[in-house]
Amino acid sequence: MDSACVIGQSIYDLDTPCLLVDLDILSGNIERMQRMADSAALSLRPHIKTHKTPQIALMQQRAGARGLTAAKVSEAEVFAAAGFEDLFIAHEIVGPQKVRRLAALARYVPRLAVAVDSVACARGLSEVFAAEGLEIGVILELEGGAERCGVQPEELLPLAEQVAALPGLEIRGLFAYAGRAYTGVPLEECVRVECQLLSEQAERLRQAGHNVEIISGGCTPTAPYYTRDCGLTEIRSGTYALNDRNQIDLGVCTEGEVAATVLTTVVSVPTPERAICDAGSKALATQVGQVSEGFGWLWGEPEGVFYRLNDEHGYLNTGPLSSRPQVGDKLRVIPPRALTCLNLYNEMVMISEEQVVDVWRIAARGALQ
Ligand SMILES: Cc1ncc(COP(=O)(O)O)c(C=O)c1O
């Protein structure tokens with residue numbers, strides 16, 4: 001354990017910077033998302049890249065989640081070792097080292113699937129899996145408006161034909177990532193386009209004789225908008241467990257629903273407008289292309305923004321604050337994106353009513369391959 005902390009201790013007695021996760025808020029977020037999925041008769045397959053922590057995945061599974069989504073083979077390894085049996089790596093796995101690790105994983109994970117959006121990617125998988133006498137599930141990726149990976153609708157059937165002809169691969173369905181939800185497109189519209197795309201293409205795949213048991217979409221902001229007849233079988237929301245400033249600014253959650261905050265100490269107050277804290281870019285991740293402009297926001301003071309980070313220093317704009325922070329004060333900071341911030345820490349201090357209740361290791365932290 002990195003943090004020298006004691007159960008029952010006040011968070012304001014902890015050393016800083018440290019990552020706090022409020023267990024009550026986390027539980028509430030997990031239950032709320034599960035209710036949304038249930039009310040649309042969708043399976044929830046949470047993306048674990050957000051929290052990278054098997055204890056949280058267990059909470060999600062106990063609430064009703066079916067299967068997990070991962071981004072990396074190394075993340076899937078951590079969750080497989082923790083006993084999770086249904087894993088979808090929603091990422092194209094390319095390169096012999098990764099594919100061999102995937103094959104090792106397939107020997108003991110009962111349900112394992114990966115994303116494929118090219119014949120080159122499928123061939124790389126097939127060579128290793130067929131040589132080892134193994135089979136892996138393939139979920140074909142459609143480009144869902146995020147302009148990231150995925151094929152266009154007219155490319156789907158030709159890809160499916162070629163994948164189906166390769167040994168060691170079993171097509172299980174298709175998916176898309178609704179990343180447009182983070183670009184200001186109205187969320188209902190985002191969901192309408194996503195569901196239409198996925199259900200139409202699923203039908204084409206079925207009519208061509210392919211197996212389509214999984215039609216997977218969704219992310220955190222889109223979750224409230226699915227209906228029972230939306231045409232998907234599952235959603236893969238991830239950020240909802242912790243929430244962050246992006247979700248607040250998108251109108252998806254309130255501050256009281258943000259579970260992950262960073263505790264930092266004011267180390268200098270050089271001017272009335274500026275306080276310097278001990279959380280810099282190694283404690284509050286710098287952000288790329290996110291919704292919210294800034295590096296962190298004070299809990300309870302939405303105008304208290306961290307406007308600049310150095311390696312070990314965070315610059316807080318104290319001008320708009322109701323009271324001026326003093327050297328030695330401990331402050332709670334909401335990160336713009338919980339996921340990139342959490343990946344900087346080895347462990348999360350679990351809290352309830354501002355007291356420490358446990359410390360959980362972020363077991364897949366740094367799992368990049
Ligand atoms: C493929 C995929 N699925 C699901 C998600 C989860 O989205 P969110 O973080 O909005 O919950 C992501 C997040 O980036 C993703 O890349």
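**From one pair of strands to the whole chain**

Strand β3 pairs with strand β4, which covers residues 86-92, in the parallel sense and over three bridges. Within this pairing, T69 has F88 of β4 as its bridge partner. The model in which these strands are seen is a predicted one, and the pair is a useful place from which to look outwards.

In general, the strands of a sheet pair through backbone hydrogen bonds, and they do so either in the parallel or in the antiparallel sense. Here β3 and β4 belong to an open sheet of eight strands with parallel pairing, and the order across the sheet is β2-β9-β8-β7-β6-β5-β4-β3. Because β2 (43-44) and β3 (68-70) stand at the edges and each has a single partner strand, one side of each is left without a neighbour in the sheet.

Strand β3 also meets a helix, since the buried residues of α2 pack against β3 as well as against α1 (23-39) and α3 (73-81). Which residues of helix α2, residues 54-63, are buried? They are P54, I56, A57, M59, Q60 and Q61. The helix is followed by G64, a residue whose phi is positive, near 130 degrees.

T69 appears again when one turns to the ligand, for it is one of the residues that surround the ligand, together with H47, T50, A90, Y177, C219, T220, R236, S237, G238, T239 and Y240. This shell divides by residue type into four nonpolar, seven polar and one charged.

On a wider view, the domain assignment of the protein chain gives domain 1, spanning 24-241, and domain 2, spanning 247-336. The centres of domain 1 and domain 2, taken over C-alpha atoms, are separated by 34 Å. Where the two domains touch, nine residues of domain 1 are in contact with seven residues of domain 2, and the side that domain 1 contributes divides into five nonpolar residues, four polar and no charged.

Taken as a whole, the secondary structure of the protein chain comes to nine helices and 17 strands. The radius of gyration is 22 Å, close to the 21 Å that the globule rule gives for 369 residues, and therefore the chain is as compact as a globular protein of that length. Its C-alpha atoms fill a box of roughly 70 × 40 × 35 Å along the principal axes. Of the 369 residues, 51% count as buried, and among the contacts with a separation of 6 or more, 67% are accounted for by residues 24 or more positions apart.

Technical notes
Residues are numbered from 1 along each chain as its sequence is written. This is a predicted model: local features need pLDDT of at least 70, side-chain atom pairs count only at pLDDT 80 or more; totals for chains, interfaces and linings use all residues. Helices (H or I, at least four residues) and strands (E, at least two) are DSSP runs, numbered from the N terminus. The radius of gyration is taken over C-alpha atoms; the globule rule is 2.2 Å times the number of residues to the power 0.38. A residue is buried if 20 or more other C-beta atoms lie within 10 Å of its own, exposed if 12 or fewer, and partly exposed in between; C-beta atoms are placed from the backbone. A residue is near a molecule or strand if its C-beta atom, placed from the backbone, lies within 6 Å of it. Ala, Val, Leu, Ile, Met, Phe, Trp, Tyr, Cys and Pro count as nonpolar, Asp, Glu, Lys and Arg as charged, and the others, Gly among them, as polar. Domain bounds come from an automatic or database domain assignment. Two strands pair if DSSP finds at least two bridges between them.
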